[in-house]
Amino acid sequence: MVHDDILGPWGRILIIVAAALTAVFALLLIACFLKPGCPGYECVRKRKREAKSVPPLRVKSKGNENVKLSDVSYRSWRLGSLYEDGSNGTINENASPTEGNSWNSSNAQFGCADTTSSTLNLVQTDKQKTEKKKQREFPTELTISLQYLPPCDVTITGKLVIGIEALSGLPPKQYNCTLEPYVALNITKQSWSHRKRQKLHSFRTRGVRHTASPIFKETFVVANVKPHEVKDWILDFAAYDHDRYANHTELCAFKMSMKEARQVLQSPEIHMFNFRMKPSSLEFGNILLGISYLPTAQRLTINVMKVRDVKFTPTVSSLNNFNPYVKVLMLNGRTGQRMKKKRTKFVIADSQPEFNETLTFDVTYNQLDMVQFLVVLCSRTAPIEIATSNAEHPSDSEDSVTSVHRAKDVFIGKVALGKGVRGSTERLHWFSVLQNPRKLVTVWHVLK
C-alpha cells in the first residue's frame, strides 16, 4: 500500500494517532472558548464589552431619527440611580401640592396620542431635607458703618448715618447670566407687632453689574432722631439681584437690632461692622410644567398646566387685581440674551389658576446643550385712563379727552430650566426630558 511504502509498517498507526490528537485539540479549544474562566472565553467577552461601550458613529443626515439624545454630552449621567423607583423605568411623584396625583388621568386633553405622561420627584421628602442641609452655603458677608451725630442745639438735630460699604460671596444666579446685586435697607420698630409693622425709612443702593462681591460705599442719613428712639429700631438688610427678564431675586438677608450696637450712640465716631447674612428661602408658589422633546421635528413643547399656593402679596394689593399669566423666555445659556418669548392667556382674579396651554419652541439638536428656559408667573395690570385737556394736548377728534396709559405687568415668581441652571430639580427635569424623547415629563416646580 501507499502508506506502507512511504512510512513503512507504522504508517497507518501514525495517521490514526495524528487524527486523534487533532480531534482532541479541537475539542479542548472549543471548550476553552465556551467555559467561563478560560483565557479564550475572557478574551471574547472583553471584546464584546468594548464593542458595546463604543458609541455609535453620528451620521449627518436630514433627520435625527436614529440619533439618541443621550449622546449630546449627557453620556455620563445615570438618571436611573437618581430616582427612587428607577428600576422599573418609570418616573413617579411622591411630594406635590394638592390635586397633583389626579393629573395623570387628564393628560389626554393635550392631544398627544403617542405621548406618555409621568410625574417626577427625585427623592423622598425626608431625603430632600437632608440634602438641603448638605448643600453648599455661600458665606455672604455684609460690611456696614454706623455713626450717630448727637444734636448740638435747637437747629441741629441728631442724625444717624448708615453706610453700606460692600458685599462679598453672593450666591450665583438661577440661570447662566451675570449678577447685578444691590442692597435694600428697611428701618422698623421692634416694639411693633409683626402685623402692624411698617417701614419708618427705606433706602436702596445702586446696582453693580458683573460681580458677586460688589463695593457700594454709599451713605444714608436719617435726620431728627433721638437716642431713645434709635434703640428701638431694627435695621433690615436684604441683598437682591436685578433681573431684567423677571422679578428681582432676594439672595440673602440680615436683621440688626440697634440695642446690640449701643456703642454707636455713646460716641460720634464711625463704627464698622461685618455681618454674616443668611441665604434667602422665599417661595412664591408651585407651578406644574410638562416638557417633551420631539427629535424628528426638532421641537420642544412646554405645557403650562396649573399654579398652586401663589403668594402674590405684597406685589399685588388684592385678589381682584391679580390677573395671572405665564411667560416663557428662551435664552442663550452662554450670553444670557433672549432668543424667543411666548406667553399664555391671562386669568382674571384667580388664586389657583389652571392654564392647560402648550407653548412650542423650535430647538435644533445642537441647541439642546446651550438653551435655557425661564418660566415667569406674571400679573397683568389694567390700563389707567388719564384725563387730558384739549388745550394742552390737541387732538384730531373732539371726543378724545382721555388717554390710556399701559402700566408694566408685575412679576410674581420664576423658575429656570436647562442644562446649566442652579436648581437640582430643574436640572434633573431637563435631563429626564432628553433621556425620554417623545414623552411628556411633568414636574412640580417652586417659584422663586
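**View 1. P314 sits in the loop between β12 (299-308) and β13 (324-332).** This close-up, like the others here, is drawn from a predicted model. The peptide bond leading from T313 into P314 is cis, and its omega is near 0°. Most peptide bonds are trans, and it is useful to keep that in mind when looking at this view. If you are setting up a geometry check, the bond to look for is the one from T313 to P314.

**View 2. N224 has a positive phi in the loop between β6 and α5 (227-230).** What is the phi of N224? The angle is about 60°, although N224 is not a glycine. Most residues other than glycine have a negative phi. Is N224 buried or exposed? With 56% relative accessibility, N224 counts as exposed, because the cut-off for that class is over 50%.

**View 3. N356 is a residue with positive phi that lies in a strand.** The strand here is β15, which covers residues 354-362. N356 is not a glycine, yet its phi is near 55°. Its relative accessibility is 27%, so N356 counts as partly exposed. Seen beside the previous view, the setting of N224 is a loop, whereas that of N356 is a strand.

**View 4. N247 is a buried residue in a loop.** Where is N247 placed? Its loop runs between β7 (233-241) and β8 (249-257). The relative accessible area of N247 is 8%, so N247 falls under the 20% limit for buried residues. Which residues are in contact with N247, once its neighbours within four places in sequence are left aside? They are F284, F411, I412, G413, K414 and K448.

**View 5. An open sheet of 4 strands is built with antiparallel pairing.** Reading across the sheet, the strands come in the order β6-β3-β2-β9. The edges are held by β6 (215-223) and β9 (271-276); each has a single partner strand, so one side of each has no neighbour in the sheet. On average, neighbouring strands of this sheet are turned by 20° against each other, with direction ignored. Strands of a sheet pair through backbone hydrogen bonds, in either a parallel or an antiparallel way.

**View 6. Strands β2 and β9 run antiparallel.** How many bridges join β2 to β9? There are 6 of them, with β2 spanning residues 141-149. For a handy landmark, find S145 in this view: M272 of β9 stands opposite.

**View 7. F254 and F275 are shown among the aromatic pairs of the structure.** The whole structure holds 7 aromatic pairs. In this one the ring centres of F254 and F275 are 4.5 Å apart and the planes meet at 25°, so the pair is stacked. F254 belongs to strand β8 and F275 to strand β9, and the pair links distant parts of the chain, 21 residues apart. F254 is buried, at a relative accessible area of 17%, and F275 is also buried, at 17%.

**View 8. F312 and F322 form a stacked aromatic pair.** Their rings lie 4.7 Å centre to centre, with 15° between the planes. Both F312 and F322 are in the loop between β12 and β13, so the pair ties together parts that are 10 residues apart in sequence. F312 and F322 are each buried. P314, the residue of the opening view, is found in the loop between β12 and β13 too.

**View 9. F254, F273 and F275 are linked by ring pairs into a cluster.** A pair of aromatic rings is described by the distance of the centres and the angle of the planes. The F254 and F275 pair of View 7 belongs to this group.

**View 10. C252 and C378 are buried cysteines in a chain with 0 disulfides.** C252 has 1% relative accessibility and so counts as buried. C378 counts as buried as well, at 0%.

**View 11. The whole chain gives the setting for these close-ups.** It has 7 helices and 20 strands. Of its 448 residues, 38% count as buried. Among contacts between residues at least 6 apart in sequence, 70% join residues at least 24 apart. The accessible surface comes to about 26,600 Å², and carbon and sulfur atoms account for 54% of that area.

How values were computed. Residues numbered from 1 in each chain as written. Predicted model: local features only at pLDDT ≥ 70, side-chain atom pairs only at ≥ 80, totals over all residues. Heavy atoms only, no water. Pairing = 2+ DSSP bridges. Helix = DSSP H or I, 4+ residues; strand = E, 2+ residues; numbered from the N terminus. Axes fitted to C-alpha atoms, helices over the stretch in contact; angles between N-to-C directions. Buried < 20%, exposed > 50% of the residue type's maximum accessible area, 1.4 Å probe, protein only. Contact = heavy atoms within 4.5 Å. Areas by Shrake-Rupley, 256 points an atom, 1.4 Å probe, with all protein chains shown as cover. Disulfide = S-S within 2.5 Å. Phe/Tyr/Trp six-rings, centres within 6.5 Å; stacked < 30°, edge-to-face > 60°.
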